[in-house]
Amino acid sequence: MVRTASASAAAGPTLAVVAREAGVSVPTASKVVNGREDVAPETRRRVTEALDRLGYVRRPRFDAAKAPRLVDLVVHSLESSWSGAVLHGVEDAAHDAGLEVVVSAALIRSRVGRPERGWLDKLVTRGSSGVLFNLAELSDSQYAWLEQHRIPFVMIDPVREPPEGVVSVGAANWQGGLTATEHLLSLGHDRIAVIAGHRRTMCSSARVAGYRSALASAGVRHRAEYVRHAGFDESVAHRRMLELLDLPEPPTAVFVCSDRMALGVYEALAERGLRVPDDISVVGFDDLPEARWASPALTTVRQPLSEMAATALRSLLRMMDGHRPESTRTELSTRLVERASTAAPRA
């Protein structure tokens with residue numbers, strides 16, 4: 001289950017009020033409530049009558065051995081459908097495992113070379129048994145802090161190669177880039193551009209590598225001017241698409257390395273009076289809800305975000321039980337979802 005708010009105190013009289021009503025001390029009233037035998041019969045009678053008269057609610061005793069274990073899910077933002085898919089996967093897997101999850105957003109920044117420590121310190125304060133990170137990246141100091149406090153953690157889709165020994169779960173990005181490009185090639189396109197994310201991120205580099213491998217296997221010349229980077233930013237992708245359209249020989253198809261960036265590409269094409277897929281075919285990556293809502297619906301590579309999150313939590317659970325995963329890197333398969341944004345090029 002996911003903890004979304006602080007529990008409020010139940011309404012009713014406190015034990016101090018009951019003790020005052022019965023004319024005894026609070027420790028004595030507490031002994032009666034907890035069934036202790038070292039209380040005189042007359043005193044027990046007075047306290048019991050006061051409990052009933054005031055409507056005191058006897059709360060069940062906390063049993064730490066029976067309490068669900070707590071894990072943290074730390075994300076960069078809670079506003080995107082990407083984060084929603086990750087949260088859904090973690091929530092389902094946590095429910096099956098009898099875990100509670102605390103979700104928090106943390107911007108990873110450094111001040112004078114030191115990472116912000118507030119959210120890290122809270123992990124220890126609330127007794128978290130482990131952490132799932134779905135963040136842009138962690139600093140060396142933050143990795144060291146986690147190791148120092150012996151808190152097991154798993155990275156979900158890290159953007160850069162984590163340090164040796166860090167467990168992570170991601171998608172088969174290279175295969176996804178290959179599949180997207182092969183789909184466009186099969187339709188007859190040979191002028192295929194790619195709008196990638198950040199230059200040095202693992203997922204973006206792998207998707208571009210898959211794109212290049214598909215072109216090479218098909219004997220299609222790779223054009224350096226057809227490779228653009230937009231940092232997974234929708235507005236930047238919009239500009240990169242306009243740049244591609246201004247080339248002497250613009251592409252007839254474009255593989256966009258995220259669905260959000262593909263929406264920016266749609267806007268750029270509409271500005272130029274071009275239609276998808278009549279004038280240019282577009283393939284995205286992720287299969288977020290936006291892909292289905294786009295007009296026309298976006299052909300995209302499905303990245304199993306919820307499954308990745310659930311797999312990460314199961315790996316974390318094994319680590320919390322003292323078991324080390326056989327492999328520090330797990331990749332789940334991607335697949336092409338064909339919709340209405342791709343077609344054969346115009347003659």
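## Notebook: cores, sheets and unusual backbone sites

I began with the surface, and the protein chain exposes about 17700 Å², of which carbon and sulfur atoms supply 50%. I note here that this is a predicted model. I then looked up burial, and buried residues make up 46% of the 347 residues in the protein chain. For secondary structure I recorded 12 helices and 15 strands in the protein chain. Among contacts with a separation of 6 or more, residues 24 or more positions apart account for 72%.

**Entry on the cores**

In soluble globular proteins, nonpolar side chains tend to be buried together. I therefore looked up the largest nonpolar core, which has 45 residues, and those with the most contacts inside it are Ile195, Met241, Phe255 and Val282. I traced which elements supply at least two residues of this core each, and found helices H7 (173-186), H8 (202-218), H9 (234-245) and H10 (259-271) together with strands S9 (192-196), S11 (253-256) and S12 (281-286). The largest share of this core, 7 residues, comes from H10.

I followed Met241 further: leaving aside residues up to four places away in sequence, Met241 touches Ile195, Val254, Val265, Ala268, Leu269 and Ile280. I also noted a second, separate core of 28 residues, which includes Ile156, Ala171, Leu305 and Met308.

**Entry on strand S2**

I asked myself why strand S2 is described as largely enclosed by the rest of the structure. The reason is that 6 of the 6 residues of S2 (residues 70-75) are buried. In a regular strand the side chains alternate between the two faces of the sheet. I checked the directions in S2, where Leu70, Asp72 and Val74 point one way and Val71, Leu73 and Val75 the other way, and all are buried.

I next looked up the pairing of S2, which runs in the parallel sense with strand S3 (residues 100-105) over 6 bridges. The bridge partner of Val71 in S3 is Val101. Between S2 and S3 the chain passes through helix H4 (residues 81-97), and this β-α-β crossover is right-handed. S2 also pairs with strand S6 (residues 130-134), again in the parallel sense, over 5 bridges. There I recorded Asn134 of S6 as the bridge partner of Val75.

**Entry on the six-stranded sheet**

I then turned to an open sheet of 6 strands, whose order is S10-S9-S11-S12-S13-S15 and whose pairing is mixed. The edge strands are S10 (227-229) and S15 (335-337), each of which pairs on one side only. From one strand to the next, the twist averages 20°. At the S15 end I looked up the pairing with strand S13 (residues 299-302), which is antiparallel over 3 bridges. In that pairing Val301 stands opposite Leu336 in S15.

**Entry on backbone geometry**

I searched for cis peptide bonds and noted one joining Val276 and Pro277, with omega about 0°. Pro277 lies in the loop between H10 and S12. Another cis peptide bond runs from Ser295 to Pro296, with omega near 0°. I placed Pro296 in the loop between helix H11 (289-293) and S13.

Which residues other than glycine did I record with positive phi? One of them is Asp157, whose phi is near 50°. Asp157 lies in the loop between strands S7 (153-156) and S8 (167-171), and Asp157 counts as buried because its relative accessibility is 8%, against a cut-off of under 20%. Asp287 likewise has a positive phi, about 65°, although it is not a glycine. I placed Asp287 in the loop between S12 and H11, and at 16% relative accessibility Asp287 also counts as buried.

**Entry on Asn173**

My last question was whether Asn173 is buried or exposed. Asn173 has its place in helix H7, and because its relative accessibility is 4%, Asn173 counts as buried. Not counting residues up to four places away in sequence, I found that Asn173 touches Cys203, Ala206, Arg207, Phe285 and Gln303.

How values were computed
Residues are numbered from 1 along each chain as its sequence is written. This is a predicted model: local features need pLDDT of at least 70, side-chain atom pairs count only at pLDDT 80 or more; totals for chains, interfaces and linings use all residues. Side-chain values use heavy atoms; hydrogens and water are left out. A nonpolar core is a set of buried Ala, Val, Leu, Ile, Met, Phe, Trp, Tyr and Cys residues joined through side-chain atoms within 4.5 Å. Buried means under 20% relative accessible area, exposed over 50%, partly exposed in between (1.4 Å probe, protein chains only). Helices (H or I, at least four residues) and strands (E, at least two) are DSSP runs, numbered from the N terminus. Contact means heavy atoms within 4.5 Å. Accessible areas come from the Shrake-Rupley method with a 1.4 Å probe; for residues, only the protein chains shown count as cover. Two strands pair if DSSP finds at least two bridges between them. A crossover is right-handed if, with the strands pointing away from the viewer, the path from the first strand over the helix to the second runs clockwise. Axes are lines fitted to C-alpha atoms, for helices over the stretch in contact, and angles run from 0 to 180 degrees between N-to-C directions.
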